[in-house]
Amino acid sequence: MKTIAELIEKARSLSREHGRIRIAVAAAHDEDVLEAVEAARRDGFADATLIGDHALIETIARDIHIDLSHYVVVDEPDITCAAALAVDYVRRGEAAFVMKGILDTSVLLKAVLNKETGLNTGRLVSHVGVAESPQYHKLFLMTDAAINIAPTLQEKVDIIRNAVDCARALGIGTPKVALLAAVEKVNPDKMPCTMDGAVLTQMNRRGQIKDCIIDGPLALDNAISAESARIKKIDSPVAGDADILVAPDIEAGNILYKAVIDLGGAKGAGLVMGAGAPVVLTSRADTAETKHASIALAVLVAFNQKRN
């Protein structure tokens with residue numbers, strides 16, 4: 001899969017075959033969120049339950065010409081309660097996944113990860129971004145740009161597994177995973193992430209991390225450029241053809257994701273993986289287009305989870 005348009009078309013195709021999926025939107029009183037949800041409805045792959053300030057939702061919908069008769073609207077102005085309600089819809093099977101509206105990420109994740117009322121599976125959750133860059137030959141995934149600050153080696157195992165699950169929903173049977181660092185040589189004293197990269201690569205080779213091919217540490221140029229890998233004499237099944245870029249920490253991940261989207265002109269989508277259902281978790285500054293693509297990505301993940 002090379003483009004976000006193909007991703008969206010795959011969501012349409014699955015929905016034509018299996019039926020629409022319902023989203024529970026927490027704090028839905030936001031123009032870009034409503035535009036994205038309406039685009040997904042018109043595309044035929046998602047319906048939505050809008051949970052938030054009913055009066056504000058009505059006002060925004062009227063201003064951007066959205067007919068609310070197509071939606072279930074639940075009046076809950078309190079964003080914390082709206083997040084809990086959205087999660088509860090998924091727990092009861094009345095929605096397939098949760099979408100973030102106009103509320104802080106921490107508020108939504110607190111509801112998602114609540115051990116008694118949330119969607120906690122015991123696995124670490126992590127953010128997975130998907131990008132279509134004019135500088136790369138296919139869609140690629142980036143993780144973790146939003147949640148885990150300084151993941152340990154074991155936490156990186158879950159981060160990789162979450163990204164692999166997302167990649168497989170995109171039809172990438174055995175994704176190639178690049179563990180990013182500033183250099184490709186192991187330097188355990190000054191650059192511990194390089195040691196993590198080497199250990200995780202060996203774990204993958206011994207079957208401890210399955211359904212993917214891992215190599216690292218790799219600098220970004222080696223991960224995405226076969227020419228750079230050739231010049232540096234790096235013999236790797238991942239170099240130059242990575243499907244998943246794993247950042248060493250949240251600073252690197254966040255800067256990478258925003259540089260690709262905001263400076264590099266890429267189209268994007270984003271999810272939180274690892275919970276009992278996908279969570280559409282985009283920035284409040286993201287465009288309606290990005291949020292629409294993120295809904296399509298969540299639809300693909302939700303259908304893939306049903307199959308498995």
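In this predicted model, helix 6 makes the largest contribution to the lining of the second largest pocket, supplying four residues. Helix 6 spans residues 153-169, and both this helix and helix 11 (288-307) each provide at least two residues of that lining. The second largest pocket has a volume of about 240 Å³ and is lined by 13 residues, among which Arg123, Asp165, Met273, Val301 and Gln305 lie nearest its centre. When the residues of this lining are sorted by class, four are nonpolar, six are polar and three are charged.

The largest pocket encloses about 370 Å³ of space, and its lining is made up of 17 residues, with Tyr257, Lys258, Thr282, Ser283 and Asp286 lying nearest the centre. Here the largest share of the lining comes from helix 10 (residues 250-263), which gives five residues, while the division by class is six nonpolar, six polar and five charged residues.

Turning from the pockets to the interior, the largest nonpolar core has 65 residues, and those with the most contacts inside this core are Leu50, Ile160 and Ile295. Helix 11 gives the most to this core, with 10 residues. Apart from this core lies another, of 27 residues, including Ala27, Tyr89, Val107 and Val112. In soluble globular proteins, nonpolar side chains tend to be buried together. The surroundings of Ile160 can be described in detail: once its neighbours within four places in sequence are left aside, Ile160 is in contact with Val177, Leu179, Leu200, Ile209, Cys212, Ile214 and Val246.

Technical notes:
Residues are numbered from 1 along each chain as its sequence is written. This is a predicted model: local features need pLDDT of at least 70, side-chain atom pairs count only at pLDDT 80 or more; totals for chains, interfaces and linings use all residues. Side-chain values use heavy atoms; hydrogens and water are left out. On a 1 Å grid over the protein atoms alone, a cavity is a set of points where a 1.4 Å probe fits but cannot get out, and a pocket is an open set with protein on both sides within 12 Å along at least five of seven lines; lining residues have an atom within 4 Å of a point. Grid points are joined across faces, edges and corners, and a volume is the space filled by probe spheres set on the points. Ala, Val, Leu, Ile, Met, Phe, Trp, Tyr, Cys and Pro count as nonpolar, Asp, Glu, Lys and Arg as charged, and the others, Gly among them, as polar. A nonpolar core is a set of buried Ala, Val, Leu, Ile, Met, Phe, Trp, Tyr and Cys residues joined through side-chain atoms within 4.5 Å. Buried means under 20% relative accessible area, exposed over 50%, partly exposed in between (1.4 Å probe, protein chains only). Contact means heavy atoms within 4.5 Å.
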